[in-house]
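Visitor: I would like to go through this structure by asking how each label is earned. Please set the values against the cut-offs.

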Amino acid sequence: MFSRYLVSLLLIGCSLFAGCEREKRAFHDEAPAMNDVSPTSFRAGGTPRPVVKNAQADEYERNAFHISEGKRYYEWYNCYSCHAAGGGDIGPPLMDDKWRYGGEIEQIYSSIVEGRPNGMPSFAGRIPEQQVWEIAAYVRSMAGNAAKDAVPSRGDEMKNTKPLTQIPHTPVRGDPPKTER
Amino acid sequence: MSAHPSTWQRACSAIALTVLVVGCSGRQAALDPAGDQAATIEILWTLMLWMCGFMYLLVLIFLGHALWRARHVLSSEPVPHGAQRPAERPLRMALAGWFGLIVGGLIVLSLGSFFIDRSLANARLDNAIKIKITAAQWWWKVEYLGETPAQRVATANELRLPVGRPALLELQAEDVIHSFWIPNLGGKQDLIPGRINSLLLTPRREGEYRGQCAEFCGLQHAKMALDATVVGERDFAAWRQQQLLPAHAPSTPEQLRGHEIFMSGPCASCHQIVGTPAAGQNGPNLTHLASRRTIAAGARPYSFEALRDWLRDPHTIKPGNHMPQVQLSNSDLHALTSYLDSLK
Amino acid sequence: MSAVLPREPGAAEIAALDAQLERTWGTGRGLWERLSTVDHKIVGRRYVITGFVFFVLAGVLALMMRTQLMQPDSELIGPDRYNQIFTMHGTTMMFLFAVPIMEAMAVYLVPLMCGTRNISFPRLNAYSYWVYLFGGIMIWVAFLLNVGPETGWFSYVPLAGPEFSPGKRTDFWAQMITFTEVAALAVAVELVATIMKQRAPGMTLSRMPLFLWSMLVTSLMIIIAMPAVMLASSFLISDRLVGTHFFNPVEGGDALLWQHLFWFFGHPEVYIIFLPALGMVSSIVTTFSRRTIFAYTLMVLALLATGVLAFGLWVHHMFATGLPRLGSSFYTAASMMIAIPSGLQIFGWIATLWDGKPRFKSPLLFVIGFIVIFVLGGLTGVMLAAVPLDLQAHDTYFVVAHFHYVLIGGAVFPLFGAFYYWFPKFTGRLLSERLGRWNFWLFFIGFNVTFFPMHILGLAGMPRRVYTYPAGLGWESLNRLSSIGALLIGVSVLLFIINVVRSLRAGDVAGDNPWEASTLEWATSSPPPPYNFMHVPVVTGREALWVPGPRQVMEGLSPSHREVLCTTVLTAEPDLRQPSAMPSSWPLWAALTTALWFIGSIFDARAVIWGSIPVAICLIGWLWPTHPEPFRERGLA
């Protein structure tokens, strides 16, 4: 009798183990070390290099605390001014499937830190490392690419996007669009 | 009884003394009123304490007598319903008296509460200072509204009030529900997103008091405090004038270096220092940081070392708060601290 | 029914009847039979033990909190973990211990006190236990895996909303509410039906024991109050899962809506916890002063008044939110008014003791402790009812002291008294008197040492729900004292557990009625047989077993089929023979599918729809009509 209770407890436990990663609250972790080479290097013509995935970085888009912090810092560092709530303004939208400089989290990190042509400032030194990763994780969630159970459905703000828990996964293409406007 | 107090007596008197000292004085004590509102509430408290204490004593006496009486009664056949007991009539009369006493007492207490509440609501507002307080996780944004916008003083985590003048606080919240409470001065009021509440405090005694958030607001609810200082009218005017001045310019090379670090790093994105390019609104205003009694909403008394520890890693003092850790070399850290320490 | 003059049955006849009834009503020893039982005593016992386990778990959390608070600026437990601990402490105590254990005692005792063979809706009863168990396991496993709730047991929004409470923690909390409220509603419905329709013939409303009255009022309160919290938690889940705006002020929602909905439930909740305890106190006082309760009618009216008034007080939890002051005054008056019925009841019990012939056994000691502690808590409640005073004391340790005085004094002390009182009935053995006295005194002293200083701490400025406090404010010594008291409480509970374990093995054998009590549950053996009573007892007075003369019974229920006697509501005249459900495993399956449904809904909105299908299948299987046997074939005794 007792062993049956134990087994069922363990089963429930295992299914929830996945929750551990999602629920960790790391207030000041070591930010993932990025290689010196930018993951998005563009050359005239030819195929872009594949993204070098960083395992530690991937955790950010599965962790609810980091995504929530990213949402807050998205507002605090004023990403809204150019990207609105993901629909884009003078900056490109972040919730669609067109990624000029790549939509993987490492590529988004690079875009934020390095800046990009046509108006994206470089935030190196302006936003601490870990916070850039958190913002990148939040940007991933805007396109439906972060873990669905880690994402907040909405903020306490005006309704401006579909609930983040209901945005379907958007394919991420690492290559720039074929035709420029 | 021996001449020396027994350990039991010593323990009892120690506890009684502690109770008196802790309960009746302090810079965050409701029963040590330094303002009109707290004093009015203390009147109600005294009334309640005596009346409720009296009723409690009656209950204990009745219970004690019932148990005392039982000593001599032997157990025998039980008394079922229907048997006439000689004590039934006097007990019924006592019950009626008890009922009357309770109802009468509650009427007195309800009326007392109502009239005290009314007097608090009708408190004088003339010549009140208007202060807008916005609570965020886990700090207080304080803005003294002046005659004109140019007279507006913005500070954080501190409240300085002139004695004798009412202060009308307009309370708003930026994120979650908080509660503004300075026990020595008055009762509390919640700050609720989507609502504007107000609180009137009329301090009567100069001194340094402490307020604290009184509605659970997340990780660092425990360390969301406020320094309230009540000063004379002249000192208050002087303080206000000084707060209107822009920040001190850096005067030593180290302070200059610290200034540069502040402006070129993440700091300027969130904090404002009037008179410099830094105009961030997300975090506390730092223009006169070094003139405050505490840092990080009461987490530590202000000192160079405390400030340096905070800047090195805010999460060692207030784990989970919204200021990110910025990696700085030791010399950069010292320079930044020197600069901020100069902002008197 | 038989019209023949009553005659004394012979021993062989009794044994044969007993065997037949055992076959009809008994539960086998196999695992599957134990999982499918619908015997209210077995389900009730499980409920009580599970509730007590949660009590101990939440008590351990309290000890952890008190250890943290012994020192200022303590770094023992970090803020995140501490917030989860105090939330789990409150949640477990309120949702997994206080209400369920009162219901559990009622599930066991009410059918016995009514003189009937089983509770109404026996399979629903079994279902209720499984749902409660699964909900409790879910939230505790979540807590142990760092997904425990962290926003307080009443989980205010916007802190508990999607923006400020990331992850699934609050979702688990909100869904746990659904589990426990379904379980509570089920039991409430059964209790109302049992008390209204299954009382022994002759047990008119004015002859009903006060415990049955209190359970009746409590169950009606549950039925009205619980839907409010289910609504609130459903809104919260909906906001968090699918992005609705119930609590988002910018889009037309309101943060205060949560508070109103929650406290409309939350205030009656504490009376739901309190009223059964009052019933227990009445039972114990009656038995141990060997006198019927003084002013019975007034005591019943007081119970009813408390039950009704409790629904008009909830705004006193919101005095600091900036609601209009005149409106708040009404709630001050109402909150003070509810002291009147409680005050009358206190008088009633003391008067019963005064005029009776008290025997100072452990149950009565706990009742005396209840009076001393609860009245103090009630008086601090009257203080808090006044708006101006509440504006100083709200959300401080003064409130913590107040509600522990009324909850522990008003519910846990009577509960322990009830344990000592009814343990012989449940198990056939008496608990040790000596250990009982130690238990009581340690608990009483430890409780006061722990919680009395908190009144002072609150007025000295210490807010509640703080994981640490700064040195230099003078709070250290009282906190330390409080923590020492908590240790004493822990030792006292340990003593109780030791008492139970030892007495189960080697306690004095209790007879049918070791306390010479007057209610019907003492008219059968200890522990009762599966069929409760060999014949339906007939009640001729308010204290059924104290009426002189031989006891009367009514024959006519079939011993070979499960059936109970239904009587009329007011006059308790025999009315119908109602078939009682056979053992079934459908409640277990239904509970399992319900659990999967609720837990799935935490993670994905589609689970709300797809998860309901297995539940529907189980309910269909459960409710599938069985072939009724023709009446004439039902054996007449």
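Guide: We start with buried area: the accessible area (1.4 Å probe) that two parts lose on being put together, summed over both. The model is predicted, so local features need pLDDT of at least 70, side-chain atom pairs count only at pLDDT 80 or more, and totals for chains, interfaces and linings use all residues. Residues are numbered from 1 along each chain as its sequence is written, chains are lettered from A and ligands numbered from 1 in the order in which they are written, and side-chain values use heavy atoms, with hydrogens and water left out.

Visitor: What is the area buried between domain 1 and domain 2 of chain B?
Guide: About 1600 Å². Carbon and sulfur atoms give 44% of that. B:Trp139, B:Lys223 and B:Asp227 supply 30% of what domain 1 of chain B buries there, more than any other three residues.

Visitor: Where do the domains of chain B lie in the sequence?
Guide: Domain 1 is 25-63 + 102-234, and domain 2 is 253-341. These bounds come from an automatic or database domain assignment. The C-alpha centres of the two domains lie 30 Å apart. Contact, meaning heavy atoms within 4.5 Å, takes 21 residues from domain 1 of chain B and 19 from domain 2 of chain B.

Visitor: Why is the pair B:Glu208 and B:Arg293 called a salt bridge?
Guide: The term requires a side-chain nitrogen of Lys or Arg within 4 Å of a carboxyl oxygen of Asp or Glu. For B:Glu208 and B:Arg293 the closest N and O atoms are 3.6 Å apart. The pair therefore meets the cut-off. Between domain 1 and domain 2 of chain B the count is two salt bridges.

Visitor: What makes B:Glu158 and B:Arg292 a link between distant parts of the chain?
Guide: They are 134 residues apart. B:Glu158 is in strand β4 of chain B, and B:Arg292 is in the loop between α6 (267-270) and β11 (294-295). Helices (H or I, at least four residues) and strands (E, at least two) are DSSP runs, numbered from the N terminus. The two residues form a salt bridge, with closest N and O atoms 3.8 Å apart. Both are buried.

Visitor: Why is A:Arg116 called buried, and what is A:Glu114 called?
Guide: Buried means under 20% relative accessible area, exposed over 50%, and partly exposed in between (1.4 Å probe, protein chains only). A:Arg116 has 13%, so it counts as buried. A:Glu114 has 37%, so it is partly exposed. Their side chains meet in a salt bridge at 2.8 Å, N to O.

Visitor: Which label does each partner get in the salt bridge of C:Arg577 and C:Glu563?
Guide: C:Arg577, at 22%, is partly exposed. C:Glu563, at 0%, is buried. The closest N and O atoms of this pair are 3.0 Å apart.

Visitor: How many residues does the contact between chain B and chain C take from each?
Guide: It takes 86 from chain B and 89 from chain C. The buried area is about 7800 Å², with 70% from carbon and sulfur atoms. Two salt bridges are counted between these chains. C:Arg325 and B:Asp117 meet in a salt bridge at 2.9 Å, N to O. On the side of chain B that touches chain C, α3(B) gives the largest share, 18 residues.

Visitor: How many salt bridges are there over all chains?
Guide: A search of the whole structure finds 36.
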